[in-house]
Amino acid sequence: MKYLPLIWSGIWRKPGRTALVLLQVAVAFALFGVLQGMKAGVDRSVANTRADVLFVASADFGGTPLPFSYFDRLRSVPGIKSVSFADGFVGTYQRPTEAVYVLAIQPTNLWLTLVPEIFQVLPKDLEALAKTRDGALITTDIGKKYGWRVGDRIPLTSNTLHVDGSGTWTFQIVGTFKDHEPGEAGLIVANYDYLDKARAFNQGSVRNFYAVIAEPTRAAEMSDTIDELFVNSPNETNTASFRENAQQQMRSIGDLNFLIRSVTSAVLVALLFSITTMMMQTIRERTPEFAVLKTLGFSNRAIFLMVVGESLLICVAAALIGLALAMGVFPYTAKFIPGLSMPLSVVAFGLIGALLVALIAAAPPASRAARLQVVDGLAGR
Amino acid sequence: MNFAKQFWALLRLNLAGTLTRLGLVCTIVIGVACAVGVLVSMLAMGVGARREAMGDVSPNRATLISVDAPSPAQSSIAQDEASLIRDLPGIRRNAAGKPIVVFQVTVFVQARSKIDRTHTGFPVMGVTPGLTDYQPELRITAGRLFNPGLHELIASNKCARQYTDFGVGAKRHMRGGDWLVVGNFDLASTVCLVFGDGDTILSAFGRNTYNQANVMLESPAAFADLTTALKANPSLHLKAQHEAEIFEQDLQQVNGILNFVSYFVGAIMALAATIGAANSLYAIVDGRRRELAILRAVGFNSAPIIASVVSESILLALPGALIGALVAWLLFNGLLASPFGASFHMAVTPSLALLGLGWALGIGALGGLLPALRAAHVPVTAALRAI
C-alpha cells in the first residue's frame, strides 16, 4: 500500500501515453463485453423460457389453421395439464400504415398465465371482456396514440373478411391490459368467440394451441405424441416447446460462436502486445529513476511489484470503463432480441481477463526493471 | 523539389531505425493485422454467401409475381392464368418449340438437423414440367429427376449434408403421405433446395394457386418486351423481376446483419489499432527528440517531417494489413459457415484484401498524424540542451 503514491506517479509520468493506453484497453473490453454479453445473454434468455408449454401449430406453415375439435382431443391426452388457444388477425386503423394486431383468446386466465411476464390483465377487465361479445382490451400506449378511451367503438379494416362480406371489424373498448414487450404494431385483446363466429372463412378453426404438460423433461416426447395424434389427417400439427422454439430462433447467433471466439482472441493478442511494448518503453525511459530507487534501498521484489501494479491498475480501470460502456449499449439491443441484458458473469470474466492480460504483459518489463544493475542504470546504459 | 528531397532523406532515416525499435514497430503491425484480419474474415461470410447464391444467376431468367407482392411468398398466380403467361412475348422456346415457363409453388415443411436433431423449416418447391429447360445448370449427381404425378422429390446435396433423410431412396413424411427422394443435385444456393412435381404438391397441400412463374427470356433485352406486355394486359396483375433481383432480396436479410456486424466490430478494432499506432509513434518520436532537433537545426522544414512520419506509419500499417488478410485467408477461406440456417463457404477474395489495405491506410494516416505534428514542433534549443 505504501507504494501506491509511487505507482500513481509512475502511471501519470506521461499522461498522454497513459490516456491512450487506457482508451485502447477500454475500447477492446467494450467490444469483448458486447460480443460475449450477447452470447451469454442469449443463452440465458433461452434457459429462462418455459419448457413445459408446448406450442401446437399447423404443420403447413402459412396454410389452413387447425380445427377447433383438436381442443378436446388435446385435453384428453394423458400428461397434459391444461390446453388453451389463441387466434387473431391483422387490421389497420384509419390509414393502411397503422397496423393493429387483434389477439383473440377465451376471456379466462388460462392463456394469459402462460405469458405473465408479457401480458397482465386485471380480473375486472377480464370480466368486462367476458361480458361484452365484441369487447376489446387496449394498452394505455395505443389508447394515447389513437385517442381511444374505454367505451369507444373502434373500426378496423382487415384482409380477414367479416361474414357481412366487408373487411370492417368494430370493437368496443371495455378495459385495459399491460403489455411489457410492445412491438411496432399496436395490439388489442378480443374475444375468440366473436372473431370465430363473425369471420367469413375458416370458422371453427384455431391458429395455435398451447398445451401445458406435467413433466417439462418429457417435452420432446410429448411433442411427438401430439404430432402423431394428428398424422395422416388433413390438418397435421407441428409441436414444440417454447424453449425449443426459442433455441431455434437464437441458434442463428449461436452459429456465430466460433467467430466471436476468434474476434475475442484477436483483440486480446493485439492488446497483450501493445501493453507489453508500452510498459517496456516506459521502463527503458525510466531506467535512471529505477536505479535511484534501488540506490535508496528498494528491493528487486518491490520494483517488480511496482511495475506490475502500474500495469494492473491501468488494465483493470480501463476494463471497467469498457465493460460499463458495453452495459450501456445493451438496452439498445433489446430492440432486436427482446429481454436481453448483460449477465454479471461476463463482467467477472472480463475483469479476470484484464488481470491476466496485465500480469502477462507486465512480467517481461517488470523483471527487466527488477534485474537492473544500479551502476548501469545511473550510467544510462 | 526541396520538399521531395527532404522527405526522401527523412523517410530513409525513419525506416533505417525500424530494426532498433522492433517492439514498437511490431505493435503497429500486429494491431493493424488483428483489426484487418477480423474485418476481412467477417466480411468473407457475406462475400461467400453472395458468391454461392449468385453463382448461376443469368440475365436471361425472370420471375413473374403478383403486382402487389413484396416477395414470391406473398404472391399468387391462378392456374387459369397459365396459358396467358405462356403467350407473353420475349419468352424463349425449347427444342420442342414450347415456351420455357415453369410455374412454382413453395411450401414450408419441417426437417431434423443432422447435427443437433432439432427441427428446422425448409422449402419444398413444386414445379411444373420444364425445370431442366429453365435451369440447364441443374446437375443430377445421384438418382434421377422426379416423375410428374408421383410423390417423388429431388433434394440438393446441401440438404443431404445438413439434414437427415435426404439421400436417394430416403422416405419423407409430408401431408399424410410418404414421399420418396429419387435424386440429389447441385445448384447454386446458400440454402437447402427441394423440388417436386407442381400439381402433385398443389393437391397434397390443398393449394390452388402457384406463387410465381419462372420464365427463360430470348435475350436479356427481351425483359423490356415482357414488362410492357404485362403492363398492357389488364387481366394479368403481374410484374416481372430479374432473377438477380429476387436472389438479392433473399440475400439482403442475412447479408444485412452480417455486414452490419462486420463493420461494427471492424470499426471498433480499427479504433483500438489506431490508438495503439499513435501511442507507438509518440514513443518513437520521443525517442528521437535529439535527432529531430538536430535535423531542424540544420534546416529541415516541418512539412517534410510531418509527411515522413505519416508515411512511416502508413508503411508499417500496410504489411500489417497484408498479414491480417493472409491469416484470414489461411484460417477461413473455404471454411463452411452456417449462420441463420444458410450454409456456404467463406470466401477471402483479393478485393477484400484490397479493402483491408484501404482500412490500414486510414489507420496509419490517422494514427501517425498527431505524433507527426509533435515531431515537427520539437523545440530545437530545449531538445539540444538535454544532451
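# Exercises on a predicted two-chain model

Chain A has 14 helices and 13 strands (helices are DSSP runs of H or I with at least four residues, strands are runs of E with at least two, both numbered from the N terminus). This is a predicted model, in which local features need pLDDT of at least 70, side-chain atom pairs count only at pLDDT 80 or more, and totals for chains, interfaces and linings use all residues. Residues are numbered from 1 along each chain as its sequence is written, while chains are lettered from A and ligands numbered from 1 in the order in which they are written.

## Exercise 1: The form of chain A

Work out whether chain A is a compact globule or more spread out.

Solution. Start with the radius of gyration, taken over C-alpha atoms, and the globule rule, 2.2 Å times the number of residues to the power 0.38. For 381 residues the rule gives 21 Å, but chain A has 32 Å, well over that value, so chain A is more spread out than a compact globule. Next, look along the principal axes: the C-alpha trace of chain A spans about 100 × 50 × 30 Å. Then turn to burial: 37% of the 381 residues in chain A are buried (a residue is buried if 20 or more other C-beta atoms lie within 10 Å of its own, exposed if 12 or fewer, and partly exposed in between, with C-beta atoms placed from the backbone).

Finally, find the domains, whose bounds come from an automatic or database domain assignment. Domain 1 of chain A covers 4–48 + 252–379, and domain 2 covers 53–214. Their centres, taken over C-alpha atoms, are separated by 53 Å.

## Exercise 2: Two residues with positive phi

Locate Gln94(A) and Asn202(A), and describe the surroundings of each.

Solution. Take Gln94(A) to begin with: this residue is not a glycine, yet has a positive phi of about 65°. Gln94(A) sits in the loop between strand 3 (80–92) and strand 4 (99–105) of chain A. With 12 other C-beta atoms within 10 Å, Gln94(A) is exposed.

Now move to Asn202(A), a residue other than glycine whose phi is positive, near 60°. Its loop runs between helix 7 (192–198) and strand 11 (205–206) of chain A. Asn202(A) has 14 other C-beta atoms within 10 Å and is partly exposed.

## Exercise 3: Chain B and its domains

Describe chain B, then find what its two domains bring to their contact.

Solution. Begin with confidence: chain B averages a pLDDT of 86, and 96% of the residues score at least 70 (pLDDT is the predictor's confidence in each residue, from 0 to 100). Chain B holds 12 helices and 14 strands. Its radius of gyration is 30 Å, where a compact globule of 387 residues would be near 21 Å. Of these 387 residues, 44% count as buried.

Next come the domains: 2–54 + 251–385 form domain 1 of chain B, and 69–236 form domain 2. Their C-alpha centres lie 49 Å apart. Seven residues of domain 1 of chain B are in contact with seven residues of domain 2 of chain B (contact means that the C-beta atoms, placed from the backbone, lie within 7 Å). On the domain 1 side, helix 2 (residues 22–54) of chain B gives the most, with three residues.

## Exercise 4: Where the chains meet

Find which element of chain B gives the most residues to the side that touches chain A.

Solution. Count the residues to start: the contact takes 37 from chain B and 39 from chain A. Then list the elements of chain B that give two or more residues: helix 2, strand 3 (101–112), strand 4 (119–127) and helix 8 (243–287). Helix 8 of chain B gives the most, with 12 residues. For the whole complex, the predictor gives an ipTM of 0.76 and a pTM of 0.77.

## Exercise 5: The nonpolar cores

Find which residues touch the most other members of the largest nonpolar core.

Solution. First, the term: a nonpolar core is a set of buried Ala, Val, Leu, Ile, Met, Phe, Trp, Tyr and Cys residues joined through C-beta atoms within 7 Å. The largest has 118 residues, and Leu31(A), Val32(B), Ala44(B) and Met269(B) touch the most other members. Helix 2 of chain B gives the most to this core, with 20 residues. Look closer at Ala44(B): not counting residues up to four places away in sequence, the residues that Ala44(B) touches include Ala328(B), Phe332(B) and Leu352(B). Another core lies apart, with 47 residues, among them Ile85(B) and Tyr163(B).
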